[in-house]
Amino acid sequence: MSDVIHYAARARVWVLDTPSTSYALHLTPGGRLVNLHWGERISPADAAHLAEQLGDDWVGGAETAFDGIEEYPVEGGVRYREPALSVRFADRTRGVEPRFSGAETVDSGTTLRLCFEDEHYPLRCTLNYRVLPDCDVVERWVDLVHTGDAADGGIEVLVAASATWTAPFLTGYRMSHLHGLWYGESRLDRAEVAPGSALVITSRTGATGHFANPWFAVDDGTALEDSGRVWSGALAWSGSWRIAAHRSPNGRLQVAGGLGHEGVQVGVLTPERPFTTPVFAGLHSARGFGGASEQWHAYVAGHVLPRPGYVRPVLFNSWEATGFGIDEENQLRLAETASRLGAELFVVDDGWFRGRTGDHAGLGDWTPDPGRFPRGLRPVVDRVHELGMGFGLWVEPEMVNPDSDLYRAHPDWVYHFPHRERGESRHQLVLNLARPDVAEWVHAQVDGLVREHRVDYLKWDMNRPFSEVGWPAENHPDRVWVDHVRNLYAILDRLRREHPGVAFETCSGGGGRLDLGMLARSDVVWASDNTDGLDRLAIQHGFTQVYPPRVMLGWVTDDHLNRGGTPLRWRFHVAMAGVLGIGGDVAAWDEERLAEAARHIAQYKAVRPVVQQGLLHRLEAPGTGDHRTAVQYVSADRRESVVLAWLHARQFRSAKPPLRLRGLESGAVYELVGTGTTWSGDLLMNHGIALPLTGDFDSRLLHFVRR
Ligand code: GLA
């Protein structure tokens with residue numbers, strides 16, 4: 001069919017080739033689409049051979065021969081697995097009887113489309129598979145179309161997964177996933193999935209959420225950072241979602257995932273209203289968790305981010321320094337100091353708009369507060385620009401405080417049910433962005449701000465989950481769970497088109513809206529409100545499993561969590577592992593501290609191309625107590641490498657082994673910048689380098705340049 005998608009007609013086998021993997025599908029004589037292989041490369045002839053060996057389409061009790069390998073197991077017929085698709089037709093018939101109706105390749109032969117029609121009802125379901133030339137990701141998504149007319153009635157879609165991923169037959173299955181909460185996002189956990197059991201990760205909040213992240217990795221329990229076979233998936237969706245790994249009693253594991261959460265209908269299909277699921281991307285790595293991350297990072301940089309090559313500036317953010325006590329005078333003071341330090345962007349966080357003296361009021365009234373900014377934002381914007389910095393502004397446009405002019409004028413603009421209390425969180429309610437008039441208003445507000453204040457950078461926040469998700473005038477109010485996100489995407493896409501020079505930060509009470517869907521329209525991610533270095537090391541370890549350092553924003557702040565004053569260097573080194581920001585009250589820092597900060601910022605700028613654009617190796621994972629964490633970045637041409645290493649605490653005189661680096665050029669000699677010493681790549685990789693880390697919260701940055 002193409003160079004990367006092959007079809008063996010007699011065996012009815014498709015093989016999708018990525019640079020180092022194959023993904024093979026087979027349509028059985030009984031018309032079921034099953035997965036034959038997902039792993040290292042095999043030929044179409046090999047896949048045909050596998051197809052021949054498949055058993056009959058037998059059914060016994062609740063089992064079928066194809067349990068655990070059906071590519072998109074629908075609800076319908078004799079099937080009892082987690083359904084990828086569940087629908088109800090107008091006459092109340094539930095379930096689908098799919099009949100294969102054709103295959104085609106589109107997008108210059110990179111996308112395979114497999115079409116199925118229901119045997120009786122006007123439903124077409126098309127499975128899409130896209131392969132990319134430069135990484136091992138297969139993108140999957142599904143189109144659902146009502147092929148009848150109005151007389152057939154709508155088709156309720158109860159579940160519509162983007163994909164069901166079939167792991168190969170392994171002796172055991174372990175699932176890696178990220179869990180968290182506010183102030184502790186993206187923490188890596190690994191759990192065994194036992195036969196007959198399921199592991200479900202989900203968000204029911206209307207956003208990607210803090211509790212889990214729509215990403216998984218499966219291995220047989222033996223994979224390590226740099227070895228072993230790993231299968232991984234990530235969903236491009238920023239609303240509620242669900243990913244369920246089911247291990248059948250026969251031992252096989254499948255992972256189904258898509259938008260929506262249990263009990264909420266995805267939508268209603270009509271001839272005018274088709275439905276396309278978000279993309280669920282998947283990849284296989286034969287080089288361990290690190291290899292999988294390397295592929296994810298390449299995918300995000302090459303195919304997701306709108307501006308992957310944009311050099312993320314060193315920013316200053318006002319939130320921790322001035323909080324809601326913000327005014328023109330203190331922002332000007334901070335801007336002067338931030339610029340002296342070397343910051344390239346100055347972000348005015350929450351508190352700048354009308355009535356926003358605390359979190360109880362103001363959201364929705366997006367004009368500068370006349371009490372605190374009597375001359376508007378102009379003096380701050382102008383000064384920030386004069387100082388050579390970009391100007392950034394915090395907004396939370398999907399929200400409203402009941403104490404606001406917006407809410408007083410439009411109390412019906414929020415999600416609500418007529419006879420239910422409107423449950424507040426952080427004293428705020430969620431605007432019904434599914435309403436076209438509200439979406440239009442939100443766009444106009446933000447567009448106006450960007451134009452009027454010459455904004456270079458928008459921090460787009462979302463600080464509360466949905467509740468009482470009603471829309472009294474709407475017949476199918478569940479659709480807001482999908483349409484809120486679609487309209488949010490449309491607003492962001494439109495703003496990006498209208499203001500191509502503006503960068504976007506995604507934030508949701510810290511790292512609550514981190515996913516491939518948001519990354520497709522963001523430049524930077526606020527990873528957590530927790531800026532404590534030790535906690536951040538764990539968060540960053542989880543974050544980088546799938547998302548690249550070039551979007552991972554961290555701030556150096558005044559000390560958190562009463563650790564008793566961690567060294568400034570330690571805090572800088574933690575934030576320098578991604579996109580560096582400063583969030584401390586720099587106006588109160590003494591000269592010595594400012595000078596040290598300026599040195600770190602200058603050093604960050606020197607190594608930034610490698611940190612932001614290079615290849616990440618997680619050398620040592622964070623643990624607890626007497627532990628060392630280390631990461632390394634290597635430029636694509638292997639000419640430069642940066643190592644960041646942190647000693648959490650020292651106990652019992654214990655010495656640490658030399659740190660072994662990765663990815664350098666064998667036979668090459670590297671200079672350790674600033675020391676005059678040289679090291680061979682082989683020595684650094686095969687023996688390692690001893691690090692003089694001695695006390696609690698000690699850290700080092702090493703910069704190697706090939707001679
Ligand atoms: C959220 C964000 C913070 C800050 C505050 C402002 O919590 O994560 O960075 O912007 O809102 O209210």
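Okay, the second largest cavity: about 60 Å³ of space lies in there. Keep in mind that this is a predicted model we're looking at. The residues lining that second largest cavity are T531, G533, R536, Q540, G554, W555, V556, T557, R571, V574 and A575. If you'd rather think in elements, α10, β32 (552-556) and α11 (568-575) each give two or more residues to that lining. By class, the lining of the second largest cavity has 4 nonpolar, 5 polar and 2 charged residues.

Let's zoom out for a second. How many cavities of 30 Å³ or more does a search of the whole structure find? The count is 8. The largest cavity holds about 110 Å³ of space. It has 15 lining residues, and the closest to its centre are L537, Q540, H541, T544 and V631. Q540 should sound familiar, since Q540 was also on the list for the second largest cavity. The elements giving two or more residues to the lining of the largest cavity are α10 (533-543), β34 (615-620) and β35 (628-634). So what is the make-up of that lining by class? For the largest cavity, we get 9 nonpolar, 4 polar and 2 charged residues.

Now, the largest pocket. You've got about 410 Å³ of space in there. The lining runs to 23 residues, and W182, H210, N463, S508 and G509 are the closest to the pocket's centre. By class, the lining of the largest pocket has 8 nonpolar, 8 polar and 7 charged residues.

On to the ligand. Which residues are the closest to the ligand? Of the 14 that surround the ligand, those are D349, D350, K459, G510 and D529. Let me go through some atom pairs. For D529, a polar side-chain atom lies 2.5 Å from an oxygen atom of the ligand. For W394, an N or O atom in the side chain is 3.0 Å from a ligand oxygen. And D461 also has a side-chain N or O atom with an oxygen atom of the ligand 3.0 Å away.

I want to stay on D350 for a moment. D350 sits in the loop between β25 (345-348) and α5 (378-386). Is D350 buried or exposed? D350 counts as buried, because its relative accessibility is 1%, and the cut-off for buried is under 20%. The side chains of D350 and R356 are joined by a polar contact of 2.9 Å. Not counting residues up to four places away in sequence, D350 touches W319, G323, F324, I326, R356, W394 and R426. Notice W394 in there: that's the residue whose side chain has an N or O atom 3.0 Å from an oxygen of the ligand.

Last stop, A520. You'll find A520 in the loop between α9 (516-519) and β31 (524-526). Why does A520 count as partly exposed? Because its relative accessibility comes out at 30%, and partly exposed covers the range between the 20% and 50% cut-offs. Leaving aside neighbours within four places in sequence, A520 is in contact with V304 and P306. And if you're wondering about R204, that residue is 316 residues from A520 in sequence. In space, C-alpha to C-alpha, A520 and R204 are 22 Å apart.

That's the tour, so over to you.

Technical notes:
Residues numbered from 1 in each chain as written. Predicted model: local features only at pLDDT ≥ 70, side-chain atom pairs only at ≥ 80, totals over all residues. Heavy atoms only, no water. Helix = DSSP H or I, 4+ residues; strand = E, 2+ residues; numbered from the N terminus. Buried < 20%, exposed > 50% of the residue type's maximum accessible area, 1.4 Å probe, protein only. Contact = heavy atoms within 4.5 Å. 1 Å grid on protein atoms, 1.4 Å probe; cavity = no way out; pocket = protein on both sides within 12 Å on 5 of 7 lines; lining within 4 Å. Points joined across faces, edges and corners; volume = space filled by probe spheres on them. Nonpolar A, V, L, I, M, F, W, Y, C, P; charged D, E, K, R; others polar. Near = heavy atom within 4 Å. Polar contact = N/O pair within 3.5 Å; in protein donor to acceptor, adjacent residues only side chain to side chain.
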